Amino acid sequence: MSGDKNLYAKNTVKENVQFAAVLRGLRREEIQKNIEKYLPYFPLYETLENKLYEKLSFGQKRLITIFAAAVSGAKIILMDEPTEGLDLEHKKQLADIMAALKKDAAVILTTHDYEFSVNVSDRILFLKDGIIVSENGKLGREEFLKLYHGFYEGGDLQ
Amino acid sequence: MRIILQECKMDLLRAVRYRVGMISDLVLFTVLLVFFLMSDTGTSFGEEYGTGDYKTLLLLGYVAWTLSSAAINTVAPQISGEVQRGTFFLKINSHIPMQLIYFGDFLAAIAIQSVIAVICTVGAHFIWDTAFVVRPDIIAALIVCTIGMYGIGLIIAGFQLFFKRVGSLVFVLQLGLLFVTDTLPTSGSITRITSILPLTRCNAIIREAFTGTAAAAEYIGLLLCSAVCFAVGYAVFEIFLRMAKKKGNLLMY
């Protein structure tokens, strides 16, 4: 998923979420089961389900897109800069959602938001010129920054 | 089947919510029909099919053309919009072939176009006293024809995927079909060539069915012609989709 354009503007949130799941071959009962499963992490779904997707805020669109991916039972979820443009509240919700999604799917995200990646990631890879230059488990803030400066800001790891 | 119906439902809901597209189609197709009927286009159909009711024969061909236009113009514009919006990538990850998913859009487009055709037919009946023609053989011919024309739409959509801009090609094709498929009176030498298109065969069959002269062999011919067009369209779309994926064209719209 990237940006806020992955669903249909003139369809409601509910129609979009159901359609994404139907495309992956889920039946009505399975879709309902998945909605109930992820609903605690996406409380805004219930208030937005009958709204047109185009009427949502940027942050709401981002979260609903992730909800659609979760409900459709995706086993691998790719996120490109998921925190870009999100306010603090939506960012916190996204971190909670990521924690829930990790139980059922491999979530791969690319981000420049180091605080977010440190908070939510179990493995952190650093890339330089398209090559993985460092592969790590969970990192603390200090460790992350040390590696970051070493690779990208003239440090001795370059 | 569920995916096709869900896609059809989603597309119908969008069409109803946008409204302007439906209304502009209704105005365009009504104005064109009024122009043809007022200018007495199609008098030669009366002589060709041995009836004085040439306006109904013209109307029958016109309805077949509007449905065929909708069939060939469904997938390409939809793909163009979807790749740019990002919704295309939802569909490309589905386990169902894209050609079948977009069949749902085709069904929605045909449903909307059928409503427009009914409005045009009712209007023409009250103003020009054309006949109401609701016959299963004619409806069956129209259905088979539009499925074949959907195959041609898939060929255009394949080009759309790979070459990205085919908007004017679709327009020229839609307009061209009006003049070469006997929708408007067309010379026999041209219709002999264009009989490879389901629309040309359909125009002849529905007019013959109306005057009671249609032969069973012609229905079989239309069925085969539509099946070939659908199969070729399906294959060409698949080839272009694979080429577009391989070259990375889908990421550079």
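B:Arg207 touches several residues that lie beyond its neighbours within four places in sequence: B:Phe45, B:Tyr49, B:Leu57, B:Leu58, B:Leu60, B:Gly61, B:Asp182 and B:Thr183. This is a predicted model. In it, B:Arg207 sits in helix 11 of chain B, which covers residues 198-211. The points below start with this residue, move out to the whole of chain B, and end where chain B meets chain A.

**B:Arg207**

- Is B:Arg207 buried or exposed? Its relative accessibility is 0%, and buried means under 20%, so B:Arg207 counts as buried.
- The side chain of B:Arg207 has a polar partner in B:Thr183. A polar atom of that side chain lies 3.1 Å from the backbone oxygen of B:Thr183.
- B:Thr183 is also among the contacts of B:Arg207, as is B:Asp182.
- Other contacts of B:Arg207 include B:Leu57, B:Leu58 and B:Leu60.

**Chain B as a whole**

- How many helices and strands does chain B have? Chain B has 12 helices and 0 strands.
- Read along the sequence, the pattern is therefore α-α-α-α-α-α-α-α-α-α-α-α, and chain B is as compact as a globular protein of its length, because its radius of gyration of 18 Å is close to the 18 Å that the globule rule gives for 253 residues.
- The C-alpha trace of chain B spans about 55 × 35 × 30 Å along its principal axes.
- Of the 253 residues in chain B, 49% are buried.
- Take the contacts in chain B between residues at least 6 apart in sequence: 77% of them join residues at least 24 apart.

**Where chain B meets chain A**

- The contact draws 20 residues from chain A and 19 residues from chain B.
- Together the two chains bury about 1,900 Å². Carbon and sulfur atoms carry 60% of that area.
- Which side chains form the salt bridge? They are A:Glu15 and B:Arg17, with N to O at 2.9 Å. The count between chain B and chain A is 1 salt bridge.
- Polar contacts across this interface number 8 residue pairs, with both residues at pLDDT 80 or more.
- On the side of chain B that touches chain A, three elements give two or more residues: helix 1 (2-18), helix 5 (75-85) and helix 6 (88-92).
- Helix 1 of chain B supplies the largest share of that side, with 9 residues.
- By type, the residues on that side of chain B are 6 nonpolar, 6 polar and 7 charged.

How values were computed
Residues are numbered from 1 along each chain as its sequence is written. Chains are lettered from A and ligands numbered from 1 in the order in which they are written. This is a predicted model: local features need pLDDT of at least 70, side-chain atom pairs count only at pLDDT 80 or more; totals for chains, interfaces and linings use all residues. Side-chain values use heavy atoms; hydrogens and water are left out. Contact means heavy atoms within 4.5 Å. Buried area is the accessible area (1.4 Å probe) that two parts lose on being put together, summed over both. A salt bridge is a side-chain nitrogen of Lys or Arg within 4 Å of a carboxyl oxygen of Asp or Glu. A polar contact is a pair of N or O atoms within 3.5 Å; within protein, one must be able to donate a hydrogen and the other to accept it, and residues adjacent in sequence count only if both atoms are side-chain atoms. Helices (H or I, at least four residues) and strands (E, at least two) are DSSP runs, numbered from the N terminus. Ala, Val, Leu, Ile, Met, Phe, Trp, Tyr, Cys and Pro count as nonpolar, Asp, Glu, Lys and Arg as charged, and the others, Gly among them, as polar. The radius of gyration is taken over C-alpha atoms; the globule rule is 2.2 Å times the number of residues to the power 0.38. Buried means under 20% relative accessible area, exposed over 50%, partly exposed in between (1.4 Å probe, protein chains only).
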